[in-house]
Amino acid sequence: MKKIKIIAASAIISFGVTAEEKQVGTGPNPFTDCGIGAALFPNTHWAAVTSNVIWDIGTTAVTSATASPETCSAKNVQAAAFIYESYNNLAEETAKGSGEHLASLLNILETSENNRENIISKVRSGMADFVSSPDYVKLDQVQKASAYYNLVYQAGSNS
Amino acid sequence: MHRYKLYFSAIFWALVSQVSYAQISDVNLLLDKASQLKLSEQPTWLKLLHYEKPPLGFGASRSAIHSDSFFNAPTGSTNPRAELETTILAFFEPVTTDANKHAQCEFRGRFVWLERQLNFATSGLVPIECPNFNEWSLNGTTESISIIFATGYLGNPASYYGHTLLKMNSNGANKTTKLEDVTVNYGAIVPPGEGPIPYIFKGLFGGYDAGFTHIQYYFHTHNYGENELRDLWEYELNLSSGEVELVLAHAWEVIRKKYTYYFTKRNCAYRMAEILEIIDDVKILPNNSVWTIPQALIQQVAKAEHQGQSLVKNIKYHPSRQSRLHLKFTALNQTNQAIVHQIAKDINILQHTAFTSLKDDDKQQVLDTLLDYYQFIRDESLLEEDRNNSKYRQVLAARYQLPPGISTETNTIKKPPHLGRKPSLVSFSNIHNSAIGDGISVRIRPAYYDALDADYGHIKNASLTMGEAHLTLFNDDLTLRNLTFIKIESVSNAVTRLPEESGRPWRLEAGLEQLSLSCQNCLIAKIQGDIGQTFVLNNKLMVAGFLGGSIQENNQAFGSIHLNTRLLANIEINAKTRVQFSSQYREHLDSSRSGIFINAIRARYQINNDMDLRFSYEKNIAEEITASVSFYW
């Protein structure tokens, strides 16, 4: 439970802080450090969310990633955009232990085949704590996606 | 004479550019060869430039693209020969600061095609490396191209008839799933803050620019499958590697170039098909001069042949979240279905032995079905205000407590849209009217479906009609019975009968119609809107109730403002036969006339994919019995 609170808290708090001020262990995060949170929330109107209208969020996100080469590498920003877009699918597939979205995320992060099972297991453990908190429903999509990114980042760093 | 002009142009070009004089002869050789082969008149060259007749057919052909950056020659949008010659000259230009800006990279489709016609290798032309194009096209690892068809969506007028886009299927070493594949998508560029009425009119009459964008496939699977609950059908095409290369290269050069958007004809399906028709014998645009309906395009694609083989080599189904819920729920055994219902009514059942005593596999099936259910009904943006968000969280948390594993899923899929009927209908009827006598009628519906003939790729029990005209002939008197500008009945089909699954149905109808069945010359303009409730009693029977109002021209003291209540029942007798009962009570709010009932029974029997028989009884002051035969086209 303590672990969960740290993850959720870091997801919430980190929106108002710079990379240097973030909590220990959360690591660099494109949602907070690359402006991707804003890029993923264009002021779309009722028509712009549909498919017959030009909608180019991915390019916007990647373009915004040029500010900080390390954290905001195309790979990390693509991963963050993918997590944001597919968060619920990822959360469900992580519970199941496998799935197309999960495989795609690890592809984007260029994770080796040998490490995948270990990373999924660690992320699953973290997510089990994360979703068990009733406060989970208070988090918006960016906050949940950011927390998931942190879990993946930590699992990858420790593998 | 023209040849001397070309030589002069080449020398002048050499003087102003940094090209060595040794290359002038190479350029001249290519220009000569292009002229001898009449490449500028070749259909493929004209298609590469997107030349077309103006929308009304008057005037000379010109490019549909109106971005200056798409042309090398100042007159390139109207003069294909000038554009060809200037493009060849531009290919010889030296690279300056950015190779991506070089003509060989920016006009990649033209370069690939002209190389095949002129064999640049023998001309001394130095090929340029194009980093951006190479990265986008995944360094030649695209092994095939698919057309993605998204089924219709009644939440937005531009998506009523479905949508099509292209997906580039990679076979790269790290690409083991389809979600990261690149898609190319055509759409209108709508400014922020545009209201619905300007949106519709500008969409219909060319008020918007439009263009192609590229984005990863997962953006579309999320937008369509999770947000709009639209099934995706993937038609993988049987193309050679050289053809894939040409389509990719051409798609690259039209991305972000501006066209004019027309909702009915030159729309997403039309422009996407043009990209594929760059291949010589691929003909997939439906032969229709008025509109391009995406499903009709898919039907054309499915029956098209290419190099003596079917153009389509593989069809895949990507069900929406709603369809996945239906598939998973119907695959459950009765016990598990009952437990899903119990948990949906009381989330605390998750801690009850009714659930906890199940085997892990059963628990996984139940929870996975519930995840789809809550994803379908909840509004995530409301956070804790929507109680379903908390229930979803509890189900997800319970899923994490189980061992990892994929629950057993059914392989049942819906019938694909290419097997559906054609989109337009013409119907011929014999009529007996209690007030007017015997007559005949013809009804023409350009698009698309009603509750009786909703088919593959449509929404069951829903209705979407545009531009329908109904003419009657009684006693040598030809009359317009009605002209429907638009009629939509949006319903949600509650397969599982779980709480909140059915959603809120609504109706909208606008057009001209006779005041009642007793009158031949009482045409009035009318608009009606209703909202209601749906009750799906089983997979064969849907009952709906509506409450709404209408505004119409005052005629024969019926008033202008009406309050309407309507009961509706749709029954599927078997795969070929459907019946609809409808009873509407209309109260006249600004008239002393008493309210009236308007009742109808309609039945349809499908003879085959192109034909049906219909019978109806209607009462609207007068009574009328109709027998019709309909043809789809």
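Six bridges join strand 7 (residues 232–237) of chain B to strand 11 of chain B, and the two run antiparallel. Within this pair, Glu236(B) has Asn314(B) of strand 11 as its bridge partner. The model is predicted.

**The seven-stranded sheet of chain B**

Strands 7 and 11 belong to an open sheet of seven strands in chain B. The strand order is 8-6-5-4-3-7-11, and the pairing is antiparallel. Which strands stand at the edges? They are strand 8 (259–261) and strand 11 (312–318) of chain B. Each has a single partner strand, so one side of each is left without a neighbour in the sheet. From one strand to the next, the twist averages 30°.

A helix covers part of this sheet's strands by contact. Helix 9 (residues 217–227) of chain B packs on the sheet. Helix 9 touches strand 3 (142–150), strand 4 (163–170), strand 5 (182–188) and strand 6 (208–216) of chain B. Strand 7 and strand 11 of chain B are touched by helix 9 as well. The direction of helix 9 makes about 110° with that of strand 6 of chain B.

**Paired strands further along chain B**

Strand 20 (residues 561–574) and strand 21 (residues 577–588) of chain B form an antiparallel pair over 12 bridges. How many residues lie between strand 20 and strand 21 of chain B in their hairpin? There are two. In this pair, Asn570(B) has Gln580(B) of strand 21 as its bridge partner.

Strand 21 of chain B also pairs with strand 22 (residues 596–608) of chain B. These two strands run antiparallel and are joined by 10 bridges. Here Ser583(B) stands opposite Asn599(B) of strand 22.

**Domains of chain B**

Chain B is divided into four stretches: domain 1 (2–129), domain 2 (138–318), domain 3 (321–401) and domain 4 (420–632). Domain 1 of chain B meets domain 2 of chain B through 17 residues, which are in contact with 15 residues of domain 2. On the domain 1 side, helix 3 (43–48) and helix 6 (108–118) of chain B each supply at least two residues. Which element gives the most to the side of domain 1 of chain B that touches domain 2 of chain B? It is helix 6 of chain B, with five residues. By residue type, that side of domain 1 divides into eight nonpolar, five polar and four charged.

**The two chains**

Chain B has 17 helices and 24 strands. Its C-alpha atoms fill a box of roughly 90 × 75 × 45 Å along the principal axes. Chain A has eight helices and zero strands. From the N terminus on, the elements of chain A run α-α-α-α-α-α-α-α.

The table sets out burial and contact range for each chain.

| Chain | Buried residues | Contacts joining residues at least 24 apart, among those at least 6 apart in sequence |
|---|---|---|
| Chain A | 49% of 159 residues | 68% |
| Chain B | 40% of 633 residues | 62% |

Notes: Residues numbered from 1 in each chain as written. Chains lettered and ligands numbered in written order. Predicted model: local features only at pLDDT ≥ 70, side-chain atom pairs only at ≥ 80, totals over all residues. Helix = DSSP H or I, 4+ residues; strand = E, 2+ residues; numbered from the N terminus. Buried ≥ 20, exposed ≤ 12 C-beta atoms within 10 Å, placed from the backbone. Contact = placed C-beta atoms within 7 Å. Domains from an automatic or database assignment. Nonpolar A, V, L, I, M, F, W, Y, C, P; charged D, E, K, R; others polar. Pairing = 2+ DSSP bridges. Axes fitted to C-alpha atoms, helices over the stretch in contact; angles between N-to-C directions.
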